[in-house]
Amino acid sequence: MATITTAQIIKAILETLQMVSISLLLGALGGIPLGVLLVLTKAGGIRKNTFMFRSLNNLVNIVRSLPFIILLVAIVPFTKLIVGTSIGTKAAIVPLIIYIIPFIARLVENSLLEVNQGIIEAAQAMGATTIQIIRYFLLPEALGSIILSLTTATIGLIGATAMAGTIGGGGIGDIAISYGYQRFNTEVIVFTVFILIIFVQCIQNFGNHLAQKARRH
Amino acid sequence: MIELKNIQKIFYKNSSEIQALKNINLKINEGDIFGVIGFSGAGKSTLIRMVNYLEQPTFGEVIVNDQNLSNLSPQKLRLLRKQIGMIFQHFNLLESKTVFENVSIPLLLEGTDKNTIYTRITELLNFVGLASKADAYPDELSGGQKQRVGIARALATNPFILLCDEATSALDPQTTGSILQLLKEINKKYKITILIITHEMNVIREICNRVAVMEKGEIIEEGSLLDIFENPQQQTTKNFIRTIVHDEIPPVILNTLDFSNKNKLVLKLKFIGENSQQALLSEACYQYSVQPNILFANVTELQGDILGHLTVELNGTPENIEKTHQYLLQKNVGIEVVENGNHNNCTNNQSDS
């Protein structure tokens, strides 16, 4: 490759992996409970709460309306407060998490809504508490679908990391943009896109495999 | 054991009111297999959900085991629900769990230890005949097997009441029969009171000892199995009975009858219990020299009792025919005179067996 070194590529791959895995983990920790809350408080949910549902629903919609690049810049002061810096890989992770939480929440909400209502009714007839309904009925039944949702979210994150370059986040996407696109280097673009394709293929296949297993346990 | 007092249920939808239950009064005694029959939309599903408070009445009281459900705290209500098993038309099993795991869920919720769960679930799966399917997933089972899993799950916590919400409606007739026999066995062996809602009269005939008929949110008729079959009052009840007990004269035969002939009389006779085993008709005809011509006959078994329908054409002099008619009336046989193809209900239909 004319303009980039192997070391640069490896570093970029590691940066992408770091950004995606940390923000996926923390995003899931925030997004899954949020999705559960949306389903519980919705009209017809087992803990119907119109005020709470509307508040959460609007919040999710507002954050999801923001283009990632805008979000990235808009929350710089917040990012600085959390990680102490507003540039670099660490700084990119904060907006990535903020970006992915409502996305995951929405996908998880859809997954949970697919669970047969009769199962929830059976759970209530057994005298299950709300927590037990979530733990023993909702989540296990929706697990396969939730895994596929997280797979989709992961791939969405890879796309978003490309823009993390704006604040010096690094990663494969950043190389594609700054070395390939901005310097008209078709070779670099093709190469980095090829790496991204392999990433996405692997993640999707892995997700499908896990989801398949989850449907049977 | 279960008492519903002046229950009303109103659903509010887009500012319009739908009255699902109107002034329901019902008492279910310990050991009953109580059947509620009605067409879809009659309010049966809402009614059965009153008993475990999945639906709460707008007005009225639900009393289960001397406890008024409206006074129970959420915790107490959950405890009570563990003592009320429920099975569903569409089984409502967890697709991601094995048969064994599905049945053990009610015990997991109670925090029962693993060994106790294993013993109890093995015993239950043996009872419902699914011991060999413990590790199968619901999508590998037939409808009947799924319902057996549902039954085992409902029994896991040793309930005293079993609610059956259209439990056989998704099953074929043969499977329905075997599930009904299983329910009957549960009632006898474990002394569990059963409340069944259904739109199938054969479910009522096979296992229920008491019956209520629902229409448009009301109970229009209630009684013992024999009462209802023997002497239905409401048209809807009669229609339901007609779905399994045929007492209509086939039109082909009806067309050949001469109703203007005074020497002939067509009677529809209903025999119940003892009467069904005596040769009443031949006795009467012999005594009054009347010739019977049997047009249609049908015998239905009602859990050990016999309900017979017989349509005969009596041939003889008008006086003798009248005497025969009177004789049969005295013997407590339900009689309808058939005139011009219409059944004229002109008798004591109150025959006791």
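Contact here means heavy atoms within 4.5 Å, and that is the yardstick for the neighbour counts in these legends to a predicted model.

**Figure 1. Chain A, a chain with nine helices and zero strands.** Reading from the N terminus, the elements simply go α-α-α-α-α-α-α-α-α. Take the contacts in chain A between residues at least 6 apart in sequence: 74% of them join residues at least 24 apart. The C-alpha trace spans about 70 × 40 × 25 Å along its principal axes. Of the 217 residues in chain A, 47% are buried. Carbon and sulfur atoms account for 67% of an accessible surface of about 10,800 Å². On the charge side, chain A carries 14 positive and 7 negative side chains, and the centres of those two sets sit 7 Å apart.

**Figure 2. Chain B, with twelve helices and 15 strands.** The box filled by the C-alpha atoms of chain B is roughly 80 × 50 × 35 Å along the principal axes. There are 353 residues in chain B, and buried ones make up 53% of them. For contacts in chain B between residues at least 6 apart in sequence, the share joining residues at least 24 apart is 69%. Chain B shows an accessible surface of about 16,200 Å², with 45% of that belonging to carbon and sulfur atoms. Its charged side chains come to 33 positive and 40 negative, with 5 Å between the centres of the two sets.

**Figure 3. Where chain A meets chain B.** On the chain A side 20 residues take part in the contact, and on the chain B side 24 residues do. Putting the two chains together buries about 2,000 Å², and carbon and sulfur atoms give 57% of that area. How many salt bridges are there between chain A and chain B? The count is one. Zoom in on Arg49(B) and Glu121(A) to see such a pair: their closest N and O atoms are 2.4 Å apart. Over all chains, the tally of salt bridges is ten.

**Figure 4. Ser145(A) and its neighbours in chain A.** This serine belongs to helix 7, which covers residues 130-161 of chain A. Is Ser145(A) buried or exposed? Its relative accessibility is 12%, so Ser145(A) counts as buried, the limit being under 20%. Leaving aside residues up to four places away in sequence, Ser145(A) touches Ser111(A), Glu114(A) and Arg215(A).

**Figure 5. A salt bridge within helix 1 of chain A, between Glu15(A) and Lys11(A).** The N-to-O distance for this pair is 2.9 Å. Both residues sit in helix 1 (residues 6-41), four residues apart, which is about one turn of the helix. The two partners get quite separate labels: Glu15(A) counts as buried at 13% relative accessibility, whereas Lys11(A) is exposed, with a relative accessible area of 53%.

**Figure 6. Glu55(B) and Lys9(B), a salt bridge in chain B.** Here the side chains meet at 3.5 Å, N to O. Glu55(B) is in the loop between helix 1 (44-51) and strand 4 (59-64), while Lys9(B) is in strand 1 (residues 2-13), so the pair ties together parts of chain B that are 46 residues apart in sequence. As for exposure, Glu55(B) counts as partly exposed at 22% relative accessibility, and Lys9(B) counts as buried at 10%.

**Figure 7. Lys44(B) and Glu166(B), another salt bridge in chain B.** The closest N and O atoms of this pair are 3.3 Å apart. Why does this pair tie together parts that are 122 residues apart in sequence? Because Lys44(B) lies in helix 1 of chain B and Glu166(B) in the loop between strand 7 (161-165) and helix 6 (173-189). Both ends of the bridge, Lys44(B) and Glu166(B), are buried.

**Figure 8. A network of salt bridges in chain A.** The residues to pick out in this view are Lys42(A), Arg106(A) and Glu109(A), which salt bridges link into a network.

Technical notes
Residues are numbered from 1 along each chain as its sequence is written. Chains are lettered from A and ligands numbered from 1 in the order in which they are written. Side-chain values use heavy atoms; hydrogens and water are left out. Helices (H or I, at least four residues) and strands (E, at least two) are DSSP runs, numbered from the N terminus. Buried means under 20% relative accessible area, exposed over 50%, partly exposed in between (1.4 Å probe, protein chains only). Accessible areas come from the Shrake-Rupley method with a 1.4 Å probe; for residues, only the protein chains shown count as cover. Lys and Arg count as positive and Asp and Glu as negative; His and the chain ends are not counted. The place of a charge is taken as NZ of Lys, CZ of Arg, CG of Asp or CD of Glu. Buried area is the accessible area (1.4 Å probe) that two parts lose on being put together, summed over both. A salt bridge is a side-chain nitrogen of Lys or Arg within 4 Å of a carboxyl oxygen of Asp or Glu.
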